[in-house]
Amino acid sequence: MDAALPTSFHTIVMGTGLVESLVSAALSRIGKTVLHLDKKNQYGGPDGSYALNDLVELLQEQQSLVLDLSVCDGKETIPAPGLPFLTNIEADEIPQLPGNVDGKFPQSLSRKFCIDISPKLVWANSPFVHTLVRSGVSRYLEFKCFHSCNMYLDGVQEVPCSKGGVFKNKLLGLKEKRGLMKFLTSIMQPTEQDTQTLQEFQEKPFLEFLQSQQLSANVIKFILYSIVNEENDQEKATTVNTADAMARLKLFTSSIGRYGSTPYLVPLYGSGELPQAYCRLSAVYGAIFVLARTTQSLEILDNKCVSIETETEKISCEHLVGSWEHLPNFVKPDSPIFKVSRAIIVSDVPLLPLDHDTPNDLVALSIPPNTFGNTCNISVQQLTDSVGVAAPSFYLIHFTTPSTSPTAKEDLQGSVEGLFQHLSSRVNPEEGKAGIIWRSYFNILDPEIQADTPTNVHVVSRPFFSLTYDQAMKKAEEIFHKLCPEEEFIPKVPNPEDIIFEVGPEKEEEKTEVEGEVEGEETKPQGNEKQENEAKQEQETETKKEETDEKEGL
Amino acid sequence: MYHQTRRYRNHHLLSTSFSQFSVKMRTGRHKNSRTRVMHNQPKTKTSEDKQREKLEASRKRAVEYLDIRKQALEMRDKNEFSEEALKVTQRVLNMTSECYTIWNYRKKIIVQLEEISPSTRGQLHEGELSWTQQLLAAHHKSYNVWYHRQWITKRMENMDWAREIKLCNAALDRDQRNFHCWSYRRYVANTFSVPVEDELRFTMSKIEQNFSNYSAWHQRSLLLQKIYASDPHSLLAVLGEELELVQNAFYTSPEDQSAWFYHRWLVGMCKKYNDAEKFRSIVEEELEKVTELAEEEPNSKWPLLTTVFLLQELNTEKDELIQKIDKLKAIDPTHQNYYEYLRTKAN
């Protein structure tokens with residue numbers, strides 16, 4: 001179904017990653033017309049979640065692309081097929097499983113997986129979560145809390161982050177526990193003395209501050225690498241300043257107990273749901289979404305992009321926002337490209353032995369620097385079917401760390417094997433417990449953008465390592481405020497039960513209700529030029545609805 | 001080809017503000033209606049509007065309730081014990097679970113129905129169990145509902161106690177100190193011989209979840225007594241482990257009274273089952289630990305109070321005791337009279 005699109009929009013957004021989706025939702029929400037395109041037929045791009053076979057296909061496709069930066073010429077034509085966003089890909093062969101077809105995983109197994117390319121941690125008390133709730137987008141999503149936070153210290157140790165955690169911990173002695181509790185309380189409810197001490201240490205290294213608090217070496221390790229979650233290498237970890245680390249620590253302690261005993265949430269069905277939810281909000285307020293539409297060129301006049309040209313039409317716009325994967329011509333060719341190292345493991349043995357009384361399958365783990373020869377702290381997540389991202393009895397384990405070696409495999413292989421060595425006692429091939437079923441290593445790229453892009457073109461890249469979504473949201477807000485300086489970024493949604501409805505004579509075009517799926521945020525944009533859009537909008541929202549209908553048999 | 005979709009199933013949801021996660025169907029949204037819009041914001045009700053609506057709704061409910069209750073009482077006065085009567089009482093009790101007159105009437109109806117058609121006894125009881133389960137979801141602290149369930153289980157022939165334990169687990173997840181549920185759990189455990197070790201493990205998991213759970217500690221004390229009633233010798237080793245456990249609890253959180261109460265009980269048990277000399281050495285060890293904590297936390301009442309109790313067991317010098325009691329009075333003025341009483345006892 002290829003209805004003709006309107007020929008002009010306030011903003012065209014290219015790419016359905018998280019930052020782009022946030023911008024799209026923010027613009028749409030305040031009544032701007034938005035056309036949101038993606039050259040793929042899936043949402044999310046590097047922020048998306050993929051089924052097993054889809055991931056394998058993606059990795060193969062990315063491997064076939066060439067990282068040829070000579071195409072980054074800042075000209076009007078958008079190079080195709082463009083640049084890869086994943087490199088140094090090394091994936092296992094598909095293992096022999098019953099039901100394999102054409103050398104791929106059995107479809108019934110593959111579709112139960114939702115594998116994130118860039119998983120992060122959702123901190124319960126973070127600005128990102130507050131925006132989710134305030135905007136009502138949280139109503140499109142479901143979350144669970146991680147069951148435990150752990151650190152690798154001669155074995156998987158649970159991080160004593162809450163009262164219960166400190167109590168249960170077998171590694172710390174009584175006095176160490178008291179010391180840690182006192183420290184955590186002084187963070188949450190600082191006395192005058194505490195605030196004063198903190199003032200003195202503001203610019204000094206955090207390590208010095210911790211040592212001044214009479215905490216033992218083990219406790220300090222727990223704090224640095226699991227609680228504050230310093231991704232950096234050991235040297236940087238000892239020099240991070242107190243002010244920054246304390247902000248993290250406060251976020252950690254205030255996030256515990258908000259939704260569960262750990263501070264991290266995990267979205268059901270993968271982190272790819274997050275950009276989709278914002279796309280949904282955007283669509284509800286009138287944005288038009290078209291997937292599998294490639295933009296071939298831009299028209300630039302007086303250093304401004306006035307229109308884009310796809311395979312089928314030419315559409316004019318006042319602003320253009322796009323991810324660097326969609327606008328590779330604006331990538332800065334001579335700058336170092338930021339890389340994140342990733343490993344994805346599908347295992348049939350869990351990291352922690354399963355407890356039948358209390359669920360403990362959702363595990364967050366950090367591997368401190370120099371544990372398995374790794375330079376930086378490694379963030380590990382184990383996810384299971386309890387959040388809908390893996391098949392039952394399988395465990396999806398993600399490793400993420402900033403790149404310090406040339407390839408992801410060099411950064412992570414030692415830790416992957418070291419960790420599985422540690423659980424080798426539970427691997428038993430006779431019982432069908434093979435350990436690692438399939439693994440892949442890859443680097444995620446994020447280049448810098450040229451400084452002299454046209455003034456109304458905003459290219460999104462994420463050249464920073466972050467385990468949270470707040471940085472991405474900040475970036476989206478920055479872009480939004482460049483486009484609409486006076487407006488509020490994703491304002492609070494009114495309670496649908498409070499909305500007053502009038503029954504009256506209607507024009508057909510004004511109905512934009514997505515039936516049964518979304519609660520009444522359908523504010524009607526004012527103005528006559530919108531009327532023609534309404535009919536098209538309904539068609540597009542229907543498409544979106546089709547795409548989000550449940551798959552049969554699941 | 002298409003991206004993974006979300007499934008609108010009712011997964012285990014978290015509590016508080018995220019609990020409205022599952023997508024709700026729009027009710028009462030007329031297809032031809034629209035919102036009044038100004039500045040892109042829909043018009044919303046004022047708080048007076050909302051208050052008026054609430055008042056209206058509650059008046060309607062009151063009228064409905066009085067009506068149905070009158071109906072039930074009339075049927076009772078006529079000694080009607082039919083299925084119809086059962087349904088009417090159900091309607092009353094769905095509106096409020098605390099009308100015990102109607103609960104009594106319902107019990108009488110059930111007794112009659114059991115006699116009239118013994119073949120459907122099982123079905124009747126099952127119906128009661130599933131309905132009370134629904135009620136408990138809404139009123140998990142209702143005396144009447146828990147008692148009715150207990151009454152039914154006593155009358156059943158094939159009681160599945162595992163199911164009842166599961167229900168207790170669910171209720172305790174919701175509120176860990178729900179004493180109705182703990183009592184019910186004890187009733188089930190005692191009446192249907194639930195393995196004590198399982199129960200002990202359950203208390204451990206509840207304590208690990210949140211060691212501020214006084215009820216779990218209490219349950220633990222009851223279970224330990226039950227397990228080792230016939231074998232006090234093995235109890236001594238267990239007491240040692242329990243002391244270590246409770247030390248972890250009060251070192252983590254000295255203000256938490258649950259651990260201190262359990263500690264006091266443990267010391268009492270040690271006294272009961274140990275000879276005087278062994279007991280003395282245990283008390284001295286405990287005293288060392290608690291005094292250490294009292295030194296670290298000079299303004300916390302519990303380490304100090306426990307020191308006083310332990311010193312009393314050791315028959316220490318009067319002056320030392322008085323000194324500590326005076327300090328207690330200073331840091332905890334709310335319980336002054338109690339400390340005064342301790343003081344006079346010491347003299």
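These are my notebook entries on aromatic contacts and salt bridges in this structure, which is a predicted model.

**Entry 1: rings**

I began with the aromatic pairs and found 29 of them over all chains. I picked A:Phe113 and A:Phe394 for a closer look: their ring centres are 6.2 Å apart and their planes stand at 65°, so I noted the pair as edge-to-face. The cut-off for that label is over 60 degrees.

Next I looked up where the two rings sit in chain A. A:Phe113 is in the loop between α3 (107-110) and β5 (115-116), while A:Phe394 is in the loop between β17 (378-383) and β18 (395-402). The pair links distant parts of the chain, 281 residues apart. I also checked accessibility, and both A:Phe113 and A:Phe394 are buried.

I wrote down one aromatic cluster too, formed by A:Trp123, A:Phe146, A:Phe252 and A:Tyr264.

**Entry 2: charges over rings**

I then turned to charged ends over rings. In chain A, A:Arg280 has its charged end over the ring of A:Tyr140, 5.5 Å from the ring centre. In chain B, I found the charged end of B:Arg264 over the ring of B:Phe309, 3.6 Å from the centre.

**Entry 3: salt bridges**

My lookup gave 35 salt bridges over all chains. I went through three pairs and one network.

The side chains of A:Lys409 and A:Glu90 meet at 3.4 Å, N to O. A:Lys409 belongs to helix α13 (residues 408-422) and A:Glu90 to strand β4 (residues 86-91), so this bridge ties together parts of chain A that are 319 residues apart in sequence. I have A:Lys409 as partly exposed at 26% relative accessibility, and A:Glu90 as partly exposed at 33%.

A:Glu313 and A:Arg293 form a salt bridge at 3.1 Å, N to O. I placed A:Glu313 in the loop between β13 (304-310) and β14 (314-323), and A:Arg293 in the loop between β11 (288-291) and β12 (295-301), so the parts tied together are 20 residues apart in sequence. Both A:Glu313 and A:Arg293 are buried.

In chain B, I looked at B:Glu157 and B:Arg121, whose closest N and O atoms are 3.8 Å apart in a salt bridge. B:Glu157 lies in the loop between α5 (143-155) and α6 (161-174), and B:Arg121 in helix α4 (residues 121-138), 36 residues apart in sequence. B:Glu157 is exposed at 64% relative accessibility, whereas B:Arg121 is partly exposed at 21%.

Last, I noted a network of salt bridges that links A:Lys175, A:Arg178 and A:Lys182 with B:Glu292, B:Glu296 and B:Glu297.

Technical notes:
Residues are numbered from 1 along each chain as its sequence is written. Chains are lettered from A and ligands numbered from 1 in the order in which they are written. This is a predicted model: local features need pLDDT of at least 70, side-chain atom pairs count only at pLDDT 80 or more; totals for chains, interfaces and linings use all residues. Side-chain values use heavy atoms; hydrogens and water are left out. Rings of Phe, Tyr and Trp (its six-membered ring) pair if their centres lie within 6.5 Å; planes under 30 degrees apart count as stacked, over 60 as edge-to-face and the rest as tilted. Helices (H or I, at least four residues) and strands (E, at least two) are DSSP runs, numbered from the N terminus. Buried means under 20% relative accessible area, exposed over 50%, partly exposed in between (1.4 Å probe, protein chains only). A charge sits over a ring if NZ of Lys or CZ of Arg is within 6 Å of the ring centre and within 35 degrees of the ring normal. A salt bridge is a side-chain nitrogen of Lys or Arg within 4 Å of a carboxyl oxygen of Asp or Glu.
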